[in-house]
Amino acid sequence: MTRIHAIRCHAISEDIGSVTVDELDLPDPGPGEVQVRLKACAVNFPDLLMIQGKYQHKPPLPFAPGGEASGDIAALGPGVTGWKEGDAVCFGSRAGGFVEAANVPAAGLKPIPGKMNYEKAASYGTAYMTAYVALRVRGELHAGEWLLVHGATGGVGMAAVDLGKHYGAHVIGTGGRDDKLAVVKARGADAVINYTLPDGSLGGFRDKVKEITGTGGADVIYDPVGGSVFDESMRCVNWRGRILTIGFTSGRWPTAPVNLILIKSISVIGVRAGEIGRRDPELGRRNQEALWELAQSGAIDPYVCAGFPLERAVDAMRMLESRDVVGKCVVTMNGYQIESPRE
């Protein structure tokens with residue numbers, strides 16, 4: 001039995017600040033489990049949505065938010081082989097990461113890849129898997145093509161910028177703040193566009209995209225924003241281009257104009273990276289292997305802009321809620337402090 005601190009949600013609430021810092025006993029790991037002493041846990045929008053009861057997965061109360069974490073193995077449960085105490089590992093789960101230690105299935109662990117530190121290891125899995133599945137599996141991005149990445153200053157968008165450049169594409173990143181876009185440009189984007197209009201709405205980028213590409217527009221458009229951003233993307237996608245719908249952070253589900261799809265021979269493609277693995281386990285396995293190789297080689301290098309100690313987890317979530325995060329931010333445990341972000 002280990003005494004730990006955890007951030008837990010006891011009641012569904014619109015206010016993410018309603019979570020509490022609890023002290024509780026963590027039992028010894030059971031058969032097939034490993035106890036991990038955590039160092040970092042990424043903060044993602046599903047963490048906020050689960051507290052508010054707006055996410056499709058609704059864990060039983062009370063629960064700790066946090067779905068991607070890293071740390072060191074502290075103890076092995078009965079029957080566990082292939083791991084030893086002190087091994088640095090990372091893992092993903094639907095919830096439970098805002099804690100000082102956790103018992104997790106040994107089968108779900110991965111060693112921290114390459115030269116990643118704890119905060120990067122906790123930040124690459126979901127974002128880069130989404131980008132990989134979108135660009136390579138669904139979008140079939142080729143070297144030399146123009147890739148337009150919306151929401152490029154966020155974790156999922158920045159992952160698409162990184163992988164787009166890795167695969168030889170010319171990349172344009174859009175976002176709502178010049179200071180955040182400067183980071184995207186410094187990390188390799190060929191061009192960036194601030195798509196916030198004077199009235200606060202999003203748009204005004206289609207002519208700029210056509211000017212930058214020198215063609216009818218982008219060959220592949222990566223869109224986690226939706227709404228008016230999708231609407232305008234339909235006007236700056238190239239002949240036989242592919243628009244990848246990742247999500248709808250704008251809050252509006254757009255409607256695709258079929259006349260433009262026909263005239264330009266456009267493909268509008270939905271991307272659910274996790275669902276692909278559930279429906280096609282063999283393809284999911286290959287995707288995991290490809291992502292692991294990228295991480296091991298150093299091709300994946302998440303940008304982590306900030307770290308907050310466990311007792312300030314609400315501040316970390318509010319930073320994400322207010323759209324002040326560049327790339328990713330993390331909650332840290334057991335005295336760990338993140339390294340300064342490197343551009």
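This report describes a predicted model, moving from one strand and its partners to the nonpolar cores, a buried asparagine, and the spaces enclosed or left open by the protein.

**Strand β3 and its partners**

Strand β3, which spans residues 33-42, is mostly covered, since eight of its 10 residues are buried. The table lists the strands that pair with β3, together with the number of bridges and one example of bridge partners for each.

| Partner of β3 | Residues | Bridges | Sense | Example of bridge partners |
|---|---|---|---|---|
| β4 | 68-76 | seven bridges | antiparallel | V34 and L76 |
| β6 | 101-105 | five bridges | antiparallel | V34 and V104 |
| β15 | 328-332 | three bridges | antiparallel | A42 and V330 |

Residue V34 thus appears in two of these rows, having V104 as its bridge partner in β6 and L76 as its bridge partner in β4. Residue A42 of the pairing with β15, in turn, has V330 as its bridge partner.

**The nonpolar cores**

The largest nonpolar core holds 48 residues, and the members that touch the most other members are L147, L163, Y222, L244 and I300. Several elements each supply at least two residues of this core, namely the helices α2 (118-121), α3, α4, α5 (178-186), α9 (273-279) and α10 (281-297), along with the strands β8 (146-149) and β11 (218-223). Among these contributors, α3 gives the most, with eight residues.

The surroundings of I300 show how one of these well-connected members is placed: leaving aside residues up to four places away in sequence, I300 touches M116, Y124, Y128, L163, L291, L294 and A295. One of these contacts, L163, is itself listed with I300 among the members that touch the most others. A second core, separate from the one just described, has 42 residues and includes C9, F91, A106 and A313.

**A buried asparagine in α10**

Is N287, a residue of helix α10, buried or exposed? N287 counts as buried because its relative accessibility is 4%, and the cut-off for a buried residue is under 20%. When residues up to four places away in sequence are not counted, N287 touches M129, Y132, V133, V137 and I276.

**Cavities and a pocket**

The model contains two cavities of 30 Å³ or more, and the second largest of the cavities holds about 50 Å³ of space. The lining of this second largest cavity is made by S123, A127, Y128, G155, M158, A159, P302, Y303, G327 and K328. Two elements, α3 (125-138) and α4 (155-166), give two or more residues to that lining, and the largest share, three residues, comes from α4. Sorted by class, the lining of the second largest cavity has six nonpolar, three polar and one charged residues. Residue Y128 links this description to the core, as Y128 lines the second largest cavity and is also touched by I300.

The second largest pocket, by contrast with the enclosed cavity, is an open space, and its volume is about 410 Å³. This pocket is lined by 24 residues, of which A95, G96, A102, N103 and V104 lie nearest its centre. At least two lining residues are supplied by each of the strands β1 (2-8), β2 (20-26), β5 (88-92) and β6, while the largest share, five residues, comes from β6. By class, the lining of the second largest pocket divides into 17 nonpolar, six polar and one charged residues. Strand β6 therefore has two roles in this account, as an antiparallel partner of β3 and as a contributor to the pocket lining.

Note on methods:
Residues are numbered from 1 along each chain as its sequence is written. This is a predicted model: local features need pLDDT of at least 70, side-chain atom pairs count only at pLDDT 80 or more; totals for chains, interfaces and linings use all residues. Side-chain values use heavy atoms; hydrogens and water are left out. On a 1 Å grid over the protein atoms alone, a cavity is a set of points where a 1.4 Å probe fits but cannot get out, and a pocket is an open set with protein on both sides within 12 Å along at least five of seven lines; lining residues have an atom within 4 Å of a point. Grid points are joined across faces, edges and corners, and a volume is the space filled by probe spheres set on the points. Helices (H or I, at least four residues) and strands (E, at least two) are DSSP runs, numbered from the N terminus. Ala, Val, Leu, Ile, Met, Phe, Trp, Tyr, Cys and Pro count as nonpolar, Asp, Glu, Lys and Arg as charged, and the others, Gly among them, as polar. Buried means under 20% relative accessible area, exposed over 50%, partly exposed in between (1.4 Å probe, protein chains only). Two strands pair if DSSP finds at least two bridges between them. A nonpolar core is a set of buried Ala, Val, Leu, Ile, Met, Phe, Trp, Tyr and Cys residues joined through side-chain atoms within 4.5 Å. Contact means heavy atoms within 4.5 Å.
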